[in-house]
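Q: Hey, can you walk me through this one? I'd like to start with what the exposure words mean, then look at some cysteines, a pocket and a helix.

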Amino acid sequence: MPYYIGVMSGTSLDGLDIALIEQHDTTRLVASHYIAMPDELRAELLALCSSGADELARAALAEQCWVKLAAQGVEQVLAHSGLKAEAIRAIGSHGQTVRHEPARGFTIQIDNPALLAELTKITVVADFRRRDVAAGGQGAPLVPAFHEALFSEGKGARAVLNIGGFSNLSLIEADNHVHGFDCGPGNVLLDAWIQSQRQQSYDQDGTWAASGQVQQDLLKSLYSDAFFKTSGPKSTGRELFNLAWLEQQLKALPPYKAEDVQATLLELTAQSIVDSLQAAQTNTQDLLVCGGGAHNSTLMRRLAQLLPNCRVASTAAHGVPADWVEAMAFAWLAHCCLENICANRPSVTGASGLRVLGAIYPA
């Protein structure tokens, strides 16, 4: 059976997810491993999301550190599985997004796939997004095609929701092309606010948000951003939604308790997801949630409250652990590249046509 490894480092910048899959007619998760992002590397990657001094050299050095971390993760996942490097057909490496501006014709994921191939002795497929952007697409989200392959059983309309730093939806319905788009902030503002106010990396279970009260005037101000008024194809990133954006909004309003801001940010995440879903697919029967947000019990309860006629559950309830779906997707995208299978979806990204995604760095 062909084996592939996916390496995913998301916009939350918390760490690297490494997933080993067996790919035949179906995709099976064989082993997984998580490596936390060292504080120094996280700070540098976050700084590289905006312009700064000597950023080209700094990016080159940061991607070396990122790749060495990824190589450690690959070594660990092979040890967990008992497989040797020569048994792996390819690694699908997402890299770390530091700039995403498809309206200006570019998206940048820092990565060094040549170094990763050298360190692991495994073929690496990388740079998945730029071909879609070159074809006029958003370059994101890329996971809907994988979601369709993994979760399209049955006849009812369902949606797969990934909540990482940002949230994105894949809409799956029999006899229709898969659709998908970014909804807006997922965990990015929640994490940034609790880090700035309480020096915690994230709000576990949404407990702090649950202790506050949603402030409707603040919610209205946040939700007035032009991004929320556009329909797909669309994608977003830290270029738009970040702590500075939030602080600018707060300056124009009366002061709030910090926990009330957190509660309002959680409501913004939930409302933007639900409004996007209801506008695009009114008859959704199942919402399958993956990514870190699937562990935020307060957010999951709020989604269920806002969608009383829809079954809201983690992808784990459908046989796929929520933490590993995206890393599995990039392993699957490596498979598609080597098999010359088109893996973008113009109905999702707005690209001018189907394209084979990725560049190959042989072992």
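A: Sure. Buried means under 20% relative accessible area, exposed means over 50%, and partly exposed is in between. Also, keep in mind that this is a predicted model.

Q: OK, so how many disulfides does a search of the whole structure find?
A: Zero. A disulfide is a covalent bond between the sulfur atoms of two cysteines.

Q: What's the nearest cysteine sulfur to cysteine 183?
A: That of cysteine 290, and it's 12 Å away. A disulfide needs the two sulfurs within 2.5 Å, and cysteine 183 is in no disulfide.

Q: And for cysteine 342?
A: There the nearest cysteine sulfur belongs to cysteine 336, 9.2 Å away, and cysteine 342 is in no disulfide either.

Q: Is cysteine 342 buried, partly exposed or exposed?
A: Its relative accessibility is 27%, so cysteine 342 counts as partly exposed. Cysteine 183 sits at 0%, so that one counts as buried.

Q: New topic: how much space lies in the second largest pocket?
A: About 340 Å³. Its lining is made up of 17 residues, and Leu46, Ala192, Arg238, Asn242 and Leu243 lie nearest the centre.

Q: Which element gives the largest share of that lining?
A: That's α6, with five residues. The elements giving two or more residues are α1 (39-47), α6 (188-198) and α9 (243-251).

Q: What kinds of residues are in the lining?
A: Seven nonpolar, six polar and four charged.

Q: Let's switch to threonine 284. Where is it?
A: In the loop between α10 (258-280) and β10 (286-290).

Q: Buried or exposed?
A: Threonine 284 is buried, because its relative accessible area is 9%.

Q: What does threonine 284 touch?
A: If you leave aside its neighbours within four places in sequence, threonine 284 is in contact with Ala157, Arg158, Ala159, Leu277, Asn309 and Cys310. A polar atom of its side chain also lies 2.9 Å from the backbone oxygen of glutamine 281.

Q: Last one, helix α11. Which of its residues are buried?
A: In α11, residues 297-306, the buried ones are Thr298, Leu299, Met300, Leu303 and Leu306.

Q: What do those buried residues pack against?
A: Against β7 (158-163), α7 (207-210), α10, β10 and β11 (311-314).

Q: And what's going on at the start of α11?
A: A side-chain oxygen of asparagine 296 comes within 3.2 Å of the backbone nitrogen of threonine 298.

Definitions and conventions:
Residues numbered from 1 in each chain as written. Predicted model: local features only at pLDDT ≥ 70, side-chain atom pairs only at ≥ 80, totals over all residues. Heavy atoms only, no water. Buried < 20%, exposed > 50% of the residue type's maximum accessible area, 1.4 Å probe, protein only. 1 Å grid on protein atoms, 1.4 Å probe; cavity = no way out; pocket = protein on both sides within 12 Å on 5 of 7 lines; lining within 4 Å. Points joined across faces, edges and corners; volume = space filled by probe spheres on them. Helix = DSSP H or I, 4+ residues; strand = E, 2+ residues; numbered from the N terminus. Nonpolar A, V, L, I, M, F, W, Y, C, P; charged D, E, K, R; others polar. Polar contact = N/O pair within 3.5 Å; in protein donor to acceptor, adjacent residues only side chain to side chain. Contact = heavy atoms within 4.5 Å.
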